[in-house]
Amino acid sequence: MIVGEQKPIEEIKKMVAPYKKLLILGCGTCVKTCFAGGEDETAALASALRMAFRTEGVSIEIDEQTVERQCENEFIQEAAKKIGENDAVLSLACGAGVQAMARRFPKEPVYPGLNTTFIGVQESHGVFTEECSGCGNCELGNFGGICPVTRCSKKLLNGPCGGSQKGICEVDANTECAWQLIIDRLKTLGQLNNLRTYIPPKNWKTSNSGGPRKLVREDHII
Amino acid sequence: MIVMNPMEKFKAKITLFHCINAFTEHVSLSTDDREVKIVKMPCSGMTTEVFMLKAFEAGADAVAILVCPEGACRYMEGNMRARKRVEKTSNVLDKIGVGGKRLSIHNLAAKNSDSVPGLLDEIMSTIKELGKNPAAAA
Ligand code: SF4
Ligand code: SF4
């Protein structure tokens, strides 16, 4: 899922201050799971913002709605009525959702209420970790399903740097050594031989460093 | 009636969220100078940020969460979750100018409902100190 966290309320207040009628639009998929932009967070932020402006004697109407997914037109459509009734939208989706909204409603100002942080998983309740950098050429098969591109602090592809201690990365004491995890897992899988395969330097052309990417599925285009 | 200064007199509004296992209401908690609204929860862990904020938005001058003693939650950790949420919501209340001190959480010794009027007196002193909720709808 896409992981994000809500921006500080002071920053949000500044962005929406010019408007008299604001819609806060939540997204019920990724950002709901990371407690940043689902129905509950949308309602809580709407309530907090209403009070924040009220304490300053500023009058602003704040409406709220949450759609299933802001990155898909079919779901965005459900918000069209409320978007028409308001002066601006504060989106609590990831950056893709915010842009999908801006594309679908070209005349409506849309603001990001979240900082989109990474593609990750919920490691334990309330703890989210980055797992994939969307490099565009997945090599997880070599690494026992653990991504060194994302989880090794030095992005090493041919084994550990040698600096880790007791499975902890030398760069950051809060990070497990990805290579320790890879080797442990390859042992479990009986695939330690994978380490003998030389992995050439990564070609970053397929990643975001190669410029904006687009995926075209001819079989789905009429 | 609370008299803050000669210009400001008001009946304090307090919203009490409580776990049904923590407390049984057996006396009326409202008095001449306070109106107490009670919201029963199946477990205090269900008292999420939005409920607390909405209570303030609806005009509460203070909100209190009454929970079971540490280690005695029927659902294991509901009261601990409630405490974490109170901390977070209290920060939000500070940031939006309402005042985090208006929100409090209290572990009640095994269904000790008799201690509740005393707690409410403490909450009343906080309200006296902070005045009316500045974010209450006019
Ligand atoms: S808009 Fe972003 S957060 Fe929402 S479903 Fe799509 S990818 Fe996930
Ligand atoms: S190899 Fe690339 S696509 Fe695969 S998990 Fe790592 S960053 Fe993501």
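This report describes the surroundings of ligand 1 and the two largest pockets in a predicted model.

**Ligand 1**

The shell around ligand 1 is made up of residues of chain A: Ile2(A), Cys27(A), Thr29(A), Cys30(A), Val31(A), Arg69(A), Gln70(A), Cys71(A), Ala93(A), Cys94(A) and Gly97(A). Sorted by class, seven of these residues are nonpolar, three are polar and one is charged. The cysteines in this shell are Cys27(A), Cys30(A), Cys71(A) and Cys94(A).

**Pockets**

The largest pocket holds about 1,400 Å³ of space. Its lining counts 39 residues, and those nearest the centre are Cys34(A), Phe35(A), Glu41(A), Glu49(B) and Lys88(B). Chain A contributes at least two residues from each of strand E1 (2-6), helix H1 (9-16), helix H3 (39-55), strand E6 (114-124) and strand E7 (127-132), while in chain B helix H1 (49-57) and helix H2 (78-95) do likewise. H2(B) gives the largest share, with nine residues.

For the second largest pocket, the volume is about 650 Å³. Of its 17 lining residues, Ile2(A), Ala96(A), Gln99(A), Asn208(A) and Arg213(A) lie nearest the centre. Helix H6 (95-104), E6 and E7 of chain A each give two or more residues to this lining. Ile2(A), listed here, is also one of the residues around ligand 1.

The classes of the lining residues are set out below.

| Pocket | Nonpolar | Polar | Charged |
|---|---|---|---|
| Largest pocket | 17 residues | nine residues | 13 residues |
| Second largest pocket | eight residues | five residues | four residues |

Technical notes:
Residues are numbered from 1 along each chain as its sequence is written. Chains are lettered from A and ligands numbered from 1 in the order in which they are written. This is a predicted model: local features need pLDDT of at least 70, side-chain atom pairs count only at pLDDT 80 or more; totals for chains, interfaces and linings use all residues. Side-chain values use heavy atoms; hydrogens and water are left out. A residue is near a molecule or strand if one of its heavy atoms lies within 4 Å of it. Ala, Val, Leu, Ile, Met, Phe, Trp, Tyr, Cys and Pro count as nonpolar, Asp, Glu, Lys and Arg as charged, and the others, Gly among them, as polar. On a 1 Å grid over the protein atoms alone, a cavity is a set of points where a 1.4 Å probe fits but cannot get out, and a pocket is an open set with protein on both sides within 12 Å along at least five of seven lines; lining residues have an atom within 4 Å of a point. Grid points are joined across faces, edges and corners, and a volume is the space filled by probe spheres set on the points. Helices (H or I, at least four residues) and strands (E, at least two) are DSSP runs, numbered from the N terminus.
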